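Dear colleague,

I am passing on the structure below, together with notes on what was found in it. Please read the notes with the coordinates open.

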Amino acid sequence: MKTIEPFSDVENAPNSTPLLNHPEPPRAAVRKQSFVRVLSSITLVSLFFVLAFVLIVLNQQDSTTTVANSAPPGATVPEKSSVKHSQSDRLRWERTAYHFQPAKNFIYDPNGPLFHMGWYHLFYQYNPYAPIWGNMSWGHAVSKDMIHWFELPVAIVPTEWYDIEGVLSGSTTALPNGQIFALYTGNAKDFSQLQCKAVPLNASDPLLVEWVKYEDNPILYIPPGIGPKDYRDPSTVWTGPDGKHRMIMGTKQNGTGMVHVYHTTDFINYVLLDEPLHSVPNTDMWECVDFYPVSTINDSALDIAAYGSDIKHVIKESWEGHGMDLYSIGTYDAYKDKWTPDNPEFDVGIGLRVDYGRFFASKSLYDPLKKRRVTWGYVAESDSSDQDLNRGWATIYNVGRTVVLDRKTGTHLLHWPVEEIESLRSNVREFNEIELVPGSIIPLDIGMATQLDIVATFKVDPEALMAKSDINSEYGCTTSSGATQRGSLGPFGIVVLADVALSELTPVYFYIAKNIDGGLVTHFCTDKLRSSLDYDGERVVYGSTVPVLDGEELTMRLLVDHSVVEGFAQGGRTVMTSRVYPTNAIYEEAKIFLFNNATGASVKASLKIWQMGSASIQAYPF
């Protein structure tokens with residue numbers, strides 16, 4: 001593999017180049033090659049081979065010089081690595097250091113997060129026996145800070161006819177009188193979905209270790225007109241301004257996704273209302289529905305029962321058919337139990353995604369301690385189930401994210417890592433105003449690069465933004481060729497989990513597209529096309545557009561934790577999570593680069609990069 005060199009010759013540059021392994025050499029190398037070609041044309045065939053060898057040497061020397069001259073203080077020149085890791089070493093490296101995952105086996109949907117007596121409780125779909133789906137139970141873990149966790153005994157297991165095929169997703173409710181209960185979907189023996197109740201054996205136990213099922217389960221059967229497998233995931237129960245207690249649940253009828261509303265007076269018997277809270281044709285099944293208020297005047301989160309003029313309400317739905325979490329912001333009429341989207345074009349199931357990568361079945365918690373709403377989703381593996389069996393575990397959760405309304409746009413939510421994750425930061429490295437000319441690639445020497453928190457700002461040359469450039473209004477992250485597809489104003493960003501030879505790399509970047517009317521649209525993307533040389537079969541580009549308002553700089557934050565990369569653009573307006581399984585770019589061989597593969601714009605990048613410590617996740621020491 002040849003030494004890598006920055007691409008600087010953008011005259012007549014193609015629209016697509018293999019980023020970080022450029023076929024077009026710098027101008028100096030071009031002059032040397034032209035000279036050699038003239039000589040070789042008038043020599044014998046044997047002399048051609050000699051000169052070809054000299055040419056290779058000259059290119060390598062020029063490449064090294066160019067990289068060294070363009071690197072910022074502290075940067076190092078890439079060198080080839082001959083380190084080869086065994087499969088067991090690679091699988092061991094893939095386990096995350098500061099994301100939540102149990103010691104072993106398979107986790108799925110987060111369920112019933114709860115704050116109780118000083119502890120954050122996280123319940124979750126869990127297979128206690130294997131790292132694949134099956135034997136669905138409610139796992140249970142507790143934390144004081146949402147970073148370090150204690151695993152507790154499995155809370156609810158499938159034992160009865162109504163849940164023998166799985167204790168599926170649901171929610172918990174804490175009443176003002178101290179009562180606590182869980183509502184969950186039981187997968188019955190015939191795989192019909194029935195709604196069930198469980199309560200902690202001792203509600204005064206801060207850990208809520210033991211749970212028992214309600215003796216008269218199930219408490220809800222499938223309503224008429226609903227398929228037996230289209231009725232699941234009951235919500236937290238809350239009290240509206242009219243004093244009525246409510247619970248909602250997702251379903252579908254004839255391809256129309258919808259949210260059913262139930263009223264209850266005793267938290268055992270639930271009455272289905274005649275009309276759904278909301279429905280959207282052709283959106284199919286709505287599952288793992290989340291419904292919560294957001295303030296329009298500040299960033300303080302609100303309990304689910306909050307209601308008033310300075311409040312919007314969010315509906316979030318998931319469906320495993322498309323593997324996405326989608327949300328919509330709107331207005332809730334509690335007296336009519338009706339919700340209306342602010343913008344029908346961004347309605348539930350057809351609008352904005354919570355996360356544009358591997359992220360699903362999210363569930364939120366209102367944290368009364370810090371007056372915030374925090375959400376988790378499950379981040380599935382993207383390789384094969386055979387690798388799950390080899391690892392002995394599968395699936396992780398994202399770092400908990402706060403959720404607030406983006407009051408600048410009014411159209412988006414902002415998802416951002418909880419502040420507690422910053423307690424793991426150490427050894428910050430700062431890089432200020434690094435000049436990235438078109439085609440440049442710059443390595444950053446930061447030491448270990450597998451557990452990082454990166455905050456970056458990019459300033460694009462304003463003259464380039466104003467200049468006439470190619471119209472590419474059809475550009476999209478997911479339909480593009482990734483970071484190799486070049487335009488006048490992008491892509492540019494950060495390459496993580498790359499080896500020194502750049503045979504494996506995961507670029508996370510901005511791409512600015514220009515519309516026919518001259519307007520600019522900014523895209524935030526993650527390119528997984530060359531993340532792994534081995535068994536990751538997911539060769540995709542994630543991403544979407546991100547609103548950038550007048551006067552705002554382009555900002556991104558990346559959480560890199562072994563086999564997962566979480567990306568946040570513009571304070572969390574657009575988010576995407578990726579699973580990455582490099583074979584070479586692991587342990588000390590993992591590197592980080594800055595790059596600008598645009599053809600017509602220089603970019604200045606400023607970064608802060610922290611090394612991240614490991615979270616403690618262990619069995620509770622009873």
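Which residue in β8 does Pro-200 stand opposite? Pro-200 stands opposite Trp-211.

This is a predicted model, in which local features need pLDDT of at least 70 and side-chain atom pairs count only at pLDDT 80 or more, while totals for chains, interfaces and linings use all residues. Residues are numbered from 1 along each chain as its sequence is written, and side-chain values use heavy atoms, with hydrogens and water left out.

Strand β7 (residues 193-200) runs antiparallel to β8 and is joined to β8 by three bridges; strands here are DSSP runs of E, at least two residues, numbered from the N terminus, and two of them pair if DSSP finds at least two bridges between them. Both belong to an open, antiparallel sheet of four strands in the order β5-β6-β7-β8, whose edge strands, β5 (167-174) and β8 (211-213), each pair on one side only.

The largest nonpolar core (buried Ala, Val, Leu, Ile, Met, Phe, Trp, Tyr and Cys residues joined through side-chain atoms within 4.5 Å, where buried means under 20% relative accessible area with a 1.4 Å probe, protein chains only) has 54 residues, and Leu-444, Ile-454, Phe-458, Ile-494 and Leu-607 have the most contacts inside it. Its largest share, five residues, comes from strand β28 (residues 451-460), and this core draws at least three residues from each of domain 1 (106-419) and domain 2 (425-612), bounds that come from an automatic or database domain assignment. Apart from it lies another core, of 34 residues, among them Cys-288 and Leu-559.

Best regards

Methods. Buried < 20%, exposed > 50% of the residue type's maximum accessible area, 1.4 Å probe, protein only.
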